[in-house]
Amino acid sequence: MSRSLKALIGPSILNSDLSRLYEESQKLLDNGADYLHLDVMDGHFVPNLTLGHPVVKCLRNKIKDVFFETHMMVSKPEQWIVPMADAGVNQYTFHIEPVDNVAEVCRKIKENGMKVGLAIKPGTPVTEVERYISMSDMVLIMTVEPGFGGQKFMENQMAKVKYLRGQYPLLDIEVDGGVGPATISCCANAGANMIVSGTAVIGAADQAATIRSLRETVQQAINNK
Ligand SMILES: O=C(CO)[C@H](O)[C@H](O)COP(=O)(O)O
Ligand SMILES: [Fe+2]
């Protein structure tokens, strides 16, 4: 049977009340999130700090059967592969910009039993990531400068998504940054199927309805292709 694309919504907990990380995460899952997108920042690759593998491990101890993606906004992604695998991460998504040997990092991630996600910043050409696609499970096209939640969606990044979708009909393509009800059609029509949404979902009056509506918009675009 051939594989088909699936619309998946992975909320980012970055702009939630982080003193209640477990409760906020569980609430998102109860409201229909397909996976959790955990933003890891090192204060060096981006000018902000969030959480690391000890926190991810504690969260994993409380939330067992859910797909955890870590979005590694770090200068040395190779350094955190083993600790994140040990913490129970399912997919290790890292930025290729600071990495000399992307293939080697991909190899190590797989060797440690995780899926590989390749991320690029808004200023990085899509061709930079395209050459590594065969080694990856997913490509993340950032739609804000990484580092902070609550920023404005960059529509000009959709050209990258459209290009990738045209070339790779079954590739998992994720968008992250400023995505919510106002911008989801843009992402869906360009061909993104994995949707990270932080502020828009966390702050929604009806979280379940918002998650459902994001997924329906994306699934409809997939079905109409
Ligand atoms: O990687 C990120 C920031 O670097 C976050 O995942 C992203 O910003 C999600 O939050 P929001 O939807 O509020 O933009
Ligand atoms: Fe992110």
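## Ligand 1 and its contacts

An oxygen atom of ligand 1 lies 2.8 Å from a polar backbone atom of G178. This comes from a predicted model. G150 also contributes through its backbone, with an N or O atom 2.8 Å from an oxygen atom of ligand 1. At T199 the contact is made by the side chain: one of its polar atoms is 2.4 Å from an oxygen atom of ligand 1. On its own, ligand 1 has 360 Å² of accessible area, and the protein covers 98% of that.

## Surroundings of ligand 1

Ligand 1 is found in the largest pocket. Around ligand 1 there are 20 residues, and the closest are G147, G150, D176, G198 and T199. Of these names, G150 and T199 have already appeared above, G150 with a backbone atom and T199 with a side-chain atom.

## The iron site

D176, listed among the closest residues to ligand 1, also coordinates the iron ion (ligand 2) through OD. The other protein atoms that coordinate the iron ion are NE2 of H37, OD of D39 and ND1 of H71, and the distances run from 2.1 to 2.2 Å. Along the chain, the donors follow the spacing H-x1-D-x31-H-x104-D. H37 and D39 are both buried.

The iron ion has 6 donor atoms, with angles of 72 to 174 degrees among them, and its site is octahedral. For six octahedral donors, the ideal angles are 90 or 180 degrees.

Key: Residues numbered from 1 in each chain as written. Chains lettered and ligands numbered in written order. Predicted model: local features only at pLDDT ≥ 70, side-chain atom pairs only at ≥ 80, totals over all residues. Heavy atoms only, no water. Donors = N, O, S within 2.8 Å, 3.2 Å for Na, K, Ca; no water. Tetrahedral: all angles 85-135°; square planar, octahedral: opposite > 155°, others 65-115°. Buried < 20%, exposed > 50% of the residue type's maximum accessible area, 1.4 Å probe, protein only. Near = heavy atom within 4 Å. Polar contact = N/O pair within 3.5 Å; in protein donor to acceptor, adjacent residues only side chain to side chain. Areas by Shrake-Rupley, 256 points an atom, 1.4 Å probe, with all protein chains shown as cover. 1 Å grid on protein atoms, 1.4 Å probe; cavity = no way out; pocket = protein on both sides within 12 Å on 5 of 7 lines; lining within 4 Å. Sits in = over half its atoms within 2 Å of the grid points.
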